[in-house]
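This report goes through the domains, the nonpolar cores, the ligand site and the cysteines in turn.

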Amino acid sequence: MILTVVGARPNFVKMAPIIHEINRRGLPQVFVHTGQHYDAKMSDVFFGELGMPRPDVYLGVGSGSHAEQTARVLLAFELVLLEHRPKLVVVAGDVNATLSCALTASKLGIPVAHVESGLRSFDREMPEEINRLLTDHISDLLFVTEPQGRVNLLREGIAPEKIHMVGNTMIDSLDTHLPAALARRPWEAFGLEAGGYGLVTLHRPSNVDDEAGLREILGALETVGKRWPLLFPAHPRTAKRMADWGLQPEGLRVVEPLGYLDFLGLMAKARLVLTDSGGIQEETTALGVPCITIRENTERPVTMDEGTNQLVGTKRENIEAAAWRAESAVPSGTRPALWDGKAAVRVVDILGDWIKDLRS
Ligand code: UD1
């Protein structure tokens with residue numbers, strides 16, 4: 001039996017196509033949600049819209065410090081593994097649930113497959129970088145989304161036969177759901193015109209947990225907001241910080257987190273996207289929409305080399321200049337290799353073969 005696990009919002013989008021493909025082939029599967037994200041808007045809506053089954057096991061670990069989140073999953077997930085004894089545990093991405101579940105499984109001698117392996121920002125202050133590094137080094141199958149992922153893993157001494165370039169399962173979800181997302185015309189609900197607005201997300205601790213830094217970024221958004229209306233579905237962390245510090249920038253329409261389909265539809269028709277997310281850099285590249293990444297580094301260099309992404313840092317004037325550049329020259333990016341909507345099929349082909357070999 002294969003055990004698949006998710007914990008937080010970006011996991012749902014990356015894992016849904018794999019869960020569907022395992023079920024389509026009738027392979028035995030147990031599906032676990034750790035509950036790192038638990039709000040209706042951060043979790044339930046994604047399950048509904050992505051057509052994911054109800055988890056067989058819900059751990060309900062919730063929020064907390066990194067140690068609390070990790071430790072709660074270690075304790076709870078070990079019991080799940082002891083009960084179900086899977087042949088393989090599949091984790092995705094770089095959130096705390098990814099590392100905790102990989103660690104629990106590997107300590108019990110259960111093989112681990114990591115989807116979206118090999119990405120590196122080379123910034124160890126990012127909690128995700130620690131999660132990526134450690135998960136990759138205790139995984140047995142490493143599924144890579146872009147060529148640099150393989151380069152990074154080989155440089156770290158990972159055996160080449162463990163590494164499989166499969167493409168990007170998040171783009172499988174995008175291709176599957178884009179028609180439904182566009183049919184909803186979500187921009188109209190906000191009084192926006194297709195192609196005439198900007199979409200903003202910000203949630204990295206390094207950007208939103210420091211008042212001066214957040215003020216600097218919001219200042220830039222205020223300026224850009226004079227040129228295009230900006231819609232900002234705010235992550236709960238960011239909404240809390242802005243409320244605490246009384247930040248209400250003009251021209252920036254702050255709304256609650258959106259579901260997958262509304263956000264995807266809004267992204268597809270945006271004039272530009274300003275973000276510090278990892279996944280959104282990839283989704284905008286797949287959609288051919290200009291993306292301004294408000295960070296000092298990216299673990300997804302293919303989105304800059306081949307896609308529509310500009311990495312601009314966090315200084316006000318650089319963010320503003322990038323927005324004006326995006327206005328004058330729409331980047332003509334291409335889709336990276338194997339971002340073709342079939343990554344999950346490749347993943348499950350490899351998982352299936354691997355499990356067969358275990359039996360014999
Ligand atoms: C996590 C991931 C990050 C990912 C992001 C996507 C880690 C280390 N980080 O960050 O990589 O980009 O998810 O959203 O795993 N909260 C709620 N409701 C929820 C969940 C969280 O209100 O359903 C609030 C809580 O106040 C919580 C805070 O958000 O303390 C942060 O949540 P947490 O899961 O710790 O990290 P994220 O910032 O969401």
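## Domains

In this predicted model, the centres of domain 1 and domain 2, taken over C-alpha atoms, are 26 Å apart. Domain 1 is made of two segments, 2-168 and 339-359, while domain 2 covers 176-328. To the contact between them, domain 1 gives 24 residues and domain 2 gives 22 residues.

## Nonpolar cores

In soluble globular proteins, nonpolar side chains tend to be buried together. The largest nonpolar core here has 54 residues, and within this core Met52 and Leu351 touch the most other members. Domain 1 (2-168 + 339-359) and domain 2 (176-328) each supply at least three residues to this core. A second core, separate from the largest one, has 25 residues, including Leu202, Val208, Val312 and Ala323.

Which residues are in contact with methionine 52, leaving aside its neighbours within four places in sequence? They are Val6, Phe12, Ala16, Ile19, His20, Phe31 and Phe47.

## Ligand site

The ligand is surrounded by 19 residues. Of these, His37, Asn96, Glu128, His203 and His235 are the closest.

Oxygen atoms of the ligand take part in several polar contacts. A polar side-chain atom of histidine 37 is 2.7 Å from a ligand oxygen atom. For tyrosine 38 the partner is a polar backbone atom, at 2.9 Å from an oxygen atom of the ligand. With arginine 237, the contact again involves the side chain, where an N or O atom lies 3.2 Å from an oxygen atom of the ligand. The ligand exposes 750 Å² when taken alone, and the protein buries 85% of that area.

## Cysteines

How many disulfides does the structure hold? The count is 0.

Are cysteine 101 and cysteine 291 buried or exposed? Cysteine 101 has 0% relative accessibility and therefore counts as buried, the cut-off being under 20% relative accessible area. Cysteine 291 has a relative accessible area of 1%, so this residue is buried as well.

How values were computed:
Residues numbered from 1 in each chain as written. Predicted model: local features only at pLDDT ≥ 70, side-chain atom pairs only at ≥ 80, totals over all residues. Heavy atoms only, no water. Core = buried A, V, L, I, M, F, W, Y, C linked by side-chain atoms within 4.5 Å. Buried < 20%, exposed > 50% of the residue type's maximum accessible area, 1.4 Å probe, protein only. Domains from an automatic or database assignment. Contact = heavy atoms within 4.5 Å. Near = heavy atom within 4 Å. Polar contact = N/O pair within 3.5 Å; in protein donor to acceptor, adjacent residues only side chain to side chain. Areas by Shrake-Rupley, 256 points an atom, 1.4 Å probe, with all protein chains shown as cover. Disulfide = S-S within 2.5 Å.
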